[in-house]
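Trainee: Could you take one part of this structure and go through it with me slowly? I'd like to see how its pieces fit together.

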Amino acid sequence: MWSNRANEPSRTADSLEALHRFALLTACATFALIFVGGLVTSTGSALAVPDWPLSFGRFFPKMVGGVLYEHGHRMVAALVTLLTLGLMVWTLRVESRRYARLIAVGAFCLIVIQAVLGGLTVLLKLPLAIAVAHAACAQAFFCLVVAFCVVTSQYWQKARAIATQGSPFSLPKLALLTTIFVYAQILIGAVMRHMGAGLAIPDFPLSFGHIVPPVFPTPVAINFAHRVGALLVATLVTLTVVRVLRFHRDQPELFRISLLLGGLLVVQLGLGATTVWSMRAVIPTTAHVAVGAALLATSLVLTMRAFRLMSPVRLQGAVPLQAQMQRVQGRVRA
Ligand code: HEM
């Protein structure tokens, strides 16, 4: 069936395109998993099922009360684990680029670690460090799957290097800094959430009616750090978007994603405020967790695309894309 060599490049392109679509599916399922996982904490259902890996000693317990959220979360997690296993096996079969293979293997390793952290969270009855590590690992795993989607996209393989403005703080560096700050902000949010400090400062945008809280016990300090973090993230996202709008309007793949980034920032700030004003109502609080993940992923995509277009190595023409594609094609088994 594969013996007709003339057909190989198009079969290879089809195969890589199918792998890319499968990666997109895995990313969507992961996003759903982050939302469902957020629901577990928002509804206070984390310990509704006392055992792990079984639930009340069974594969499928009665889905009532908090069990619906906790066991539902486990089922979506099992689906994402299977998708990630499929993604890794498929990648190792058809993909020759070392970094793409590494990302796929890394994602699978991370989801196994994530499952163990989730189990420990239940068995050790929600210790702060494990719960935060579980939240941090979830976002890192999502980033890996999104990064895999980026490197298997047509855009990544066809993008032509462009000249930069020669600024010491070019778009790739600025976007990278933004991504790092968004991740740090999410970590502070996770510490606050799992400490139960989400309403340690009950008002917003002021803090106890002041710009800076008059007292600083630990929950207030963490809560205030998250607000300062939001300000820094908002500043960096704005600088990144403005930079794209001023200098890279002619690059549709940068332009569109930067608009999405700006839009998600506005939504996320609104959801953060609503979380406080609604006293942690389930839907806005959970949406705040999920949109945080979307903001991080969008910033990562922009960062990767910016590096792809403007890396100094590629600007010197050191990365022959055609040759890279031929290497990829050469790996598809006959
Ligand atoms: C763009 C900036 C922001 C990002 C990326 C962000 C992200 C997050 C994330 C991901 C969490 C949950 C972490 C987890 O459990 O895994 C969280 C928690 C929280 N965030 Fe934000 N946040 C931002 C801005 C804000 C703002 C402006 C407010 C308003 C005060 C806010 C209020 C909260 C609250 C109250 C929680 C804890 C919810 C709870 O106790 O369940 N956030 N944030």
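**Around the ligand**

Mentor: Sure, let's start with the shell around the ligand: its residues divide into 14 nonpolar, 10 polar and three charged. Here Ala, Val, Leu, Ile, Met, Phe, Trp, Tyr, Cys and Pro count as nonpolar, Asp, Glu, Lys and Arg as charged, and the others, Gly among them, as polar. Keep in mind that this is a predicted model, where local features need pLDDT of at least 70 and side-chain atom pairs count only at pLDDT 80 or more, while totals for chains, interfaces and linings use all residues. Residues are numbered from 1 along each chain as its sequence is written.

Of the 27 residues around the ligand, the nearest are A135, G189, G198, G272 and G292. A residue counts as near if its C-beta atom, placed from the backbone, lies within 6 Å of the molecule. Four helices, α6 (171-195), α7 (218-247), α8 (252-277) and α9, each give the shell at least two residues. Helices are DSSP runs (H or I, at least four residues), numbered from the N terminus.

Now zoom in on α6. Helix α4 (residues 128-151) packs with α6 at an angle of about 145 degrees, and their axes are 9 Å apart. Axes are lines fitted to C-alpha atoms, for helices over the stretch in contact, and angles run from 0 to 180 degrees between N-to-C directions. Where they meet, α4 brings L128, A131, V132, A135, A136 and Q139, and α6 brings Y183, I186, L187, A190, V191, H194 and M195. Contact means that two C-beta atoms, placed from the backbone, lie within 7 Å. By class, that contact has 11 nonpolar, two polar and no charged residues. Notice A135 again: this α4 residue is also one of those nearest the ligand.

L176 is in α6 too. L176 counts as partly exposed because it has 19 C-beta neighbours inside 10 Å; buried takes 20 or more, exposed 12 or fewer, and partly exposed is in between, with C-beta atoms placed from the backbone. The C-alpha atoms of L176 and T240 are 9.7 Å apart, though 64 residues separate them along the chain.

Last comes α9, another helix of the shell. Of its 29 residues, 24 are buried, so α9 is mostly covered. Why does its length look right? At 1.5 Å a residue, α9 (residues 282-310) should span 42 Å, and its end C-alpha atoms are 42 Å apart, so the two agree. The expected span is 1.5 Å times one less than the number of residues.
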